[in-house]
Amino acid sequence: MENFFDVVDDPYTADEGTPPKMRDQIKLLAETIRQANPDVLAVVEVENEHVLRAMVREFLSDMGYQYIDVDQSNDFRGIKVGVISRLPILRTASYRHQQFKVEGRDRPMAMSRGLFQVTLDAGAKQPLQLFVVHLKSKRSAEGDPKSAHRRLAEATFVKSIIGQQLKANPDAWLALVGDLNDTPDSPPMHALLEDHELIDVHAGLPADQRITYLNEPYRSTIDYILVSPALDKRVVKDSANLVRDEAMLKGSD
């Protein structure tokens with residue numbers, strides 16, 4: 001939702017350099033959500049739960065979004081991931097404090113923003129396990145040009161968590177969604193997709209219809225919905241799509 005910040009200075013984050021989201025952009029985001037009409041919406045780059053609740057209360061109060069939650073974050077600015085849902089949230093789990101090895105660094109690290117697991121009541125024989133993630137951007141870090149090592153380590157860690165759950169329950173309805181900040185041919189995406197435990201539901205779209213980051217000259221595919229084999233069997237054929245009306249995307253990057 002591109003820097004969905006409020007007007008309050010959070011003393012525990014460096015949010016002072018990011019201006020609050022303008023009302024016209026919030027209204028446009030809400031209108032886009034209304035047109036898409038999702039039962040469950042994963043969100044990225046929100047400052048807190050309060051901004052989501054305020055948007056729903058003012059612009060989407062008739063849409064049935066009773067369940068809203070936002071994870072905490074390791075990001076220094078305080079951007080977070082979360083969910084807006086009509087489906088009841090049964091439980092949540094945050095993996096933001098778990099650490100893993102990153103190539104080129106002596107000390108282990110944790111997720112840049114976080115990994116948020118939301119278990120939803122899908123009104124069926126089993127719940128929907130939704131993992132919302134926002135991987136490290138391509139902004140270079142010390143000793144890690146374009147943060148490639150960090151992003152690969154994060155993707156590998158995410159896959160290990162999902163792999164454990166699918167090993168325990170191969171029939172789980174599981175989806176990994178969010179901004180993975182890398183293209184389909186990249187090492188992080190290879191790590192997530194290589195053993196077919198996760199399937200890209202948009203993979204069949206032509207490349208020119210699969211662009212999710214619109215800013216020139218970096219137009220690319222960096223956002224994904226990846227599903228488990230059992231959930232892939234439930235996907236309606238050719239139903240996966242993207243919003244391509246750029247006029248509707250001014251509140252998002």
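How many bridges join strand 8 to strand 9, and do the two run parallel or antiparallel? Some notes from my pass through the model, which is a predicted one.

1. To take that question straight away: strand 8 and strand 9 run parallel, with seven bridges joining them. One spot to look at along this pair is V133, which stands opposite G178 in strand 9.

2. Now zoom out to the sheet. Six strands make it up, it is open, and the order reads 4-7-8-9-11-10 with mixed pairing. At the edges sit strand 4 (89-94) and strand 10 (199-200), each of them pairing on one side only.

3. Helix 3 is the one to follow next. It lies across strand 7 (115-120), strand 8 and strand 9, and its direction makes an angle of about 170° with strand 9.

4. On to the packing. The largest nonpolar core has 25 residues, and the members touching the most others are L115, L176 and L192. At least two residues apiece come from strand 8 (128-134), helix 3 (148-168), strand 9 (173-179), helix 4 (187-193) and strand 11 (223-227). Helix 3 gives the largest share of this core, with seven residues.

5. L192 is worth clicking on. Leaving out residues up to four places away in sequence, L192 touches A155, V158, K159, L176, L180, L198 and L226. L176 turns up again here, being another of the residues that touch the most other core members.

6. There is also a second core, separate from that one, with 20 residues. Among its members are M1, V46, F59 and I84. As background, nonpolar side chains tend to be buried together in soluble globular proteins.

7. A polar residue to check is S186, in the loop between strand 9 and helix 4. S186 counts as buried because its relative accessibility is 5%, and the cut-off is under 20%. Its side chain reaches the backbone oxygen of T183 at 2.7 Å.

8. Last, the overall picture. The protein has five helices and eleven strands, and its C-alpha atoms fill a box of roughly 45 × 45 × 35 Å along the principal axes. Its radius of gyration is 18 Å, which agrees with the value near 18 Å for a compact globule of 253 residues. Buried residues account for 48% of the 253. As for contacts between residues at least 6 apart in sequence, 67% join residues at least 24 apart.

Definitions and conventions: Residues are numbered from 1 along each chain as its sequence is written. This is a predicted model: local features need pLDDT of at least 70, side-chain atom pairs count only at pLDDT 80 or more; totals for chains, interfaces and linings use all residues. Side-chain values use heavy atoms; hydrogens and water are left out. A nonpolar core is a set of buried Ala, Val, Leu, Ile, Met, Phe, Trp, Tyr and Cys residues joined through side-chain atoms within 4.5 Å. Buried means under 20% relative accessible area, exposed over 50%, partly exposed in between (1.4 Å probe, protein chains only). Helices (H or I, at least four residues) and strands (E, at least two) are DSSP runs, numbered from the N terminus. Contact means heavy atoms within 4.5 Å. Two strands pair if DSSP finds at least two bridges between them. Axes are lines fitted to C-alpha atoms, for helices over the stretch in contact, and angles run from 0 to 180 degrees between N-to-C directions. A polar contact is a pair of N or O atoms within 3.5 Å; within protein, one must be able to donate a hydrogen and the other to accept it, and residues adjacent in sequence count only if both atoms are side-chain atoms. The radius of gyration is taken over C-alpha atoms; the globule rule is 2.2 Å times the number of residues to the power 0.38.
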